[in-house]
Amino acid sequence: MSLHPTLLAVTQRIAQRSQDTRSAYLAQLDAYASRTPGAQRLGCANVAHAFAAMPETDKHKATGLGAIQVVAPRAPHIGIVNAYNDMLSAHAPLQHYPDIIKDEARKLGATAQVAGGVPAMCDGVTQGTPGMELSLFSRDVIAMATAVSLSHDVFDVALMLGVCDKIVPGLLIGALQFGHLPTVFVPAGPMSSGLSNSEKAKVREKAALGQVGREELLAAESAAYHGEGTCTFYGTANSNQMLLEAMGLHVPGTAFIHPGEGARAELTREAVRTVLKKPAPIGKVVDERCIVNAMVALLATGGSTNHLIHWVAVARAAGIVIDWDDFSALSEVVPLLTRVYPNGSADVNQFQAAGGPGYVIRELLDAGLMHEDVLTVRAGGIREFTRMPSLQGAQLVWEDPGASKDESVVRPASNPFSTTGGLKLLQGNLGRSVIKISAVPEASHIIEAPARVFDSQDALHDAFKAGELERDVVCVVRWQGPQANGMPELHKLTPPLAVLQGKGFKVALVTDGRMSGASGKVPAAIHVSPEAAAGGPLAKVQDGDLIRLDGVAGTLQVLVSDAEWSARPLASMSAQQRAANGAGMGRELFANMRRNALKAEEGACTWL
């Protein structure tokens with residue numbers, strides 16, 4: 001199958017745009033790759049420190065020195081970067097992965113060390129709290145911690161252990177700074193299905209109306225989030241896993257195998273076997289075609305809106321420059337192949353049972369909508385990622401997923417849910433923003449209503465409780481961008497707005513903040529850029545302004561005359577609000593990140 005011309009055109013313009021930065025990146029990668037291995041290059045004191053705590057047999061293998069000081073063949077040495085903590089259900093299984101990895105490495109004559117741990121916060125815990133204002137920037141902290149871990153510079157290859165929202169992008173950005181190392185990502189899988197996402201949402205809406213109390217709401221939430229593994233909706237964490245499969249950075253089909261399944265431990269061992277075969281360095285794997293494949297997979301599955309920020313940053317870490325116009329162009333030709341909550345009622349376990357990532361990747365490749373001539377961590381290339389693994393006896397076996405097992409969840413490219421992708425670029429006199437259009441009912445694709453302007457999410461909640469929003473309304477929540485307060489997710493706005501929508505009102509959200517990867521049925525123009533705190537047009541909006549959000553035409557407009565709009569002054573954040581955004585819950589330590597953060601469309605990067 002020949003490549004779709006739009007896919008080819010977007011890839012070519014990305015390559016042309018990135019020519020200088022990509023060339024500089026590859027030159028640095030090649031310079032590092034050409035060096036003598038660390039244990040032979042570093043001074044003896046450096047080497048002794050690096051391996052002092054290792055068992056003697058491992059120490060001899062890693063240094064190349066035998067027990068009687070005779071030089072022996074040096075074994076490959078694996079650096080493990082681990083995002084383990086048991087605050088994150090998805091990361092709790094990672095506690096024991098280093099032991100599995102070291103055991104498998106020894107069996108293969110190699111060695112492994114935990115190079116370092118990286119912080120990993122749970123957005124589900126911090127939603128609606130000041131802690132959420134650290135969330136986006138934690139990605140760059142994780143990237144820096146990954147770099148610190150690998151800066152010991154004694155590793156031949158690396159394994160990245162992590163799953164959730166900012167953690168995988170952070171690990172990937174950090175790993176790309178050590179792009180000369182072959183690197184494989186190792187996930188832990190989703191939790192088993194509990195209370196359905198749709199039932200959970202209903203209880204949240206009842207709580208917003210005061211129809212159920214805290215005890216019933218907590219019982220519902222605990223029935224939904226009940227064990228080890230990722231949350232089962234198709235949010236940022238599970239979108240991460242889909243994208244890593246599409247980029248060829250996992251052992252194929254690893255994404256959605258449960259933590260407790262027998263195949264999971266064997267797939268972790270297979271990651272060791274894979275990386276010890278020394279695939280291409282990660283900096284060579286992640287090229288323009290690989291990034292485009294990730295973008296296509298995101299659009300085809302209606303994945304998290306967060307990745308219109310995160311993957312811009314990931315690409316930039318590899319010297320590749322992408323923007324929302326690239327996503328928009330691809331979205332026009334990439335079909336929506338899945339319906340997974342919040343795009344549908346199924347969870348990721350049902351997605352996996354129906355065909356999973358392998359089915360989607362196969363359909364996209366066969367339709368000419370993914371690059372097949374790419375490097376991956378496997379010798380068989382991206383076609384290996386069209387198969388699903390299972391454990392037969394003691395052996396892993398990969399098989400083609402065949403036809404969709406449930407076409408209400410996964411469909412072939414010849415019969416998609418939509419002929420266009422799940423995400424949409426909106427632009428107009430309010431700036432540029434994105435919307436997860438696949439989650440929004442068709443009747444709400446176009447909303448035109450008067451604005452109600454809020455300077456915080458708490459103010460919107462207060463207005464809802466006071467009954468002030470019982471009408472058609474576009475809620476504008478500003479001062480929520482990277483420079484204002486770190487760009488928190490505003491997922492706790494979904495229940496009250498969903499209640500208003502359920503009463504028959506035309507409702508939309510417009511904000512320079514983020515929504516969760518669980519962005520749902522209320523139309524939300526998010527990531528509005530430039531943000532209000534940087535002089536963006538949201539700072540001009542006033543209560544009563546008529547706003548039109550058109551998810552069909554891709555526009556976001558305030559319907560006032562050009563003359564009035566250009567003459568209208570910009571509002572500014574109060575000194576009190578700026579001070580409050582920077583105090584408490586560790587926010588003081590992130591002041592420099594707020595000052596230096598780029599626009600959302602530029603990945604909100606803090607290191608450039």
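The legends below describe close-up views of a predicted model.

**View A. The open four-stranded sheet and the helix lying across it.** In this predicted model, 4 strands form an open sheet in the order β2-β1-β3-β4, with parallel pairing. Because β2 and β4 stand at the edges and each has a single partner strand, one side of each is left without a neighbour in the sheet. From one strand to the next, the twist averages 25°. The parallel pairing of β1 with β2 extends over 6 bridges, and H77 stands opposite T111 of β2. Helix α8, which spans residues 135-150, lies across β1, β2 and β3 and runs at about 140° to β2.

**View B. Helix α6 and its buried side.** Within helix α6 (residues 97-107), the buried residues are Y97, P98, I100, I101, E104 and A105. These residues lie on the same side of α6 because they cover an arc of only 160° around the axis. On the other side of the helix, D99 and K107 are exposed. The cover over the buried residues of α6 includes the strands β1 (77-82), β2 (111-117), β3 (157-161) and β4 (183-186), together with helix α13 (262-276). Just after α6, G109 adopts a positive phi of about 80°.

**View C. The largest nonpolar core, centred on the surroundings of I291.** The largest nonpolar core has 147 residues, and those with the most contacts inside it are I78, L159, L172, L249 and I291. Helix α15 (residues 288-300) gives the most to this core, contributing 10 residues. When neighbours within four places in sequence are left aside, I291 is in contact with M247, V286, W311, V314, A315, I320 and I322. A second core, separate from this one and made of 27 residues, includes I447, V474, V476 and L556.

**View D. Helix α16, a mostly covered element.** Of the 11 residues in helix α16 (residues 307-317), 10 are buried, so that the helix is mostly covered. The buried residues are H307, L308, I309, H310, W311, V312, A313, V314, A315 and A317, and among them W311, V314 and A315 are also contacts of I291. Just after α16, G319 takes a positive phi of about 80°.

**View E. Helix α17, its start and its covered side.** In helix α17 (residues 324-331), W324, D326, F327, L330 and S331 are buried. Their positions cover an arc of only 155° around the axis, which puts them on the same side of α17. The elements that cover these buried residues include the helices α1 (5-17), α15 and α16, as well as the strands β7 (424-428), β8 (431-435) and β12 (524-529). At the start of the helix, a side-chain oxygen of D323 reaches to within 3.0 Å of the backbone nitrogen of D325.

**View F. The loop residue Q480 and its contacts.** Q480 is placed in the loop between β10 (473-477) and α21 (482-485). With a relative accessible area of 4%, Q480 is buried, since residues under 20% are counted as such. The side chains of Q480 and N485 are joined by a polar contact of 3.1 Å. Not counting residues up to four places away in sequence, Q480 touches D455, S456, N485, M487, P488, L490, T511, D512 and G513.

Terms used
Residues are numbered from 1 along each chain as its sequence is written. This is a predicted model: local features need pLDDT of at least 70, side-chain atom pairs count only at pLDDT 80 or more; totals for chains, interfaces and linings use all residues. Side-chain values use heavy atoms; hydrogens and water are left out. Buried means under 20% relative accessible area, exposed over 50%, partly exposed in between (1.4 Å probe, protein chains only). Helices (H or I, at least four residues) and strands (E, at least two) are DSSP runs, numbered from the N terminus. The arc is that of the directions from the helix axis to the C-beta atoms. Contact means heavy atoms within 4.5 Å. A nonpolar core is a set of buried Ala, Val, Leu, Ile, Met, Phe, Trp, Tyr and Cys residues joined through side-chain atoms within 4.5 Å. A polar contact is a pair of N or O atoms within 3.5 Å; within protein, one must be able to donate a hydrogen and the other to accept it, and residues adjacent in sequence count only if both atoms are side-chain atoms. Two strands pair if DSSP finds at least two bridges between them. Axes are lines fitted to C-alpha atoms, for helices over the stretch in contact, and angles run from 0 to 180 degrees between N-to-C directions.
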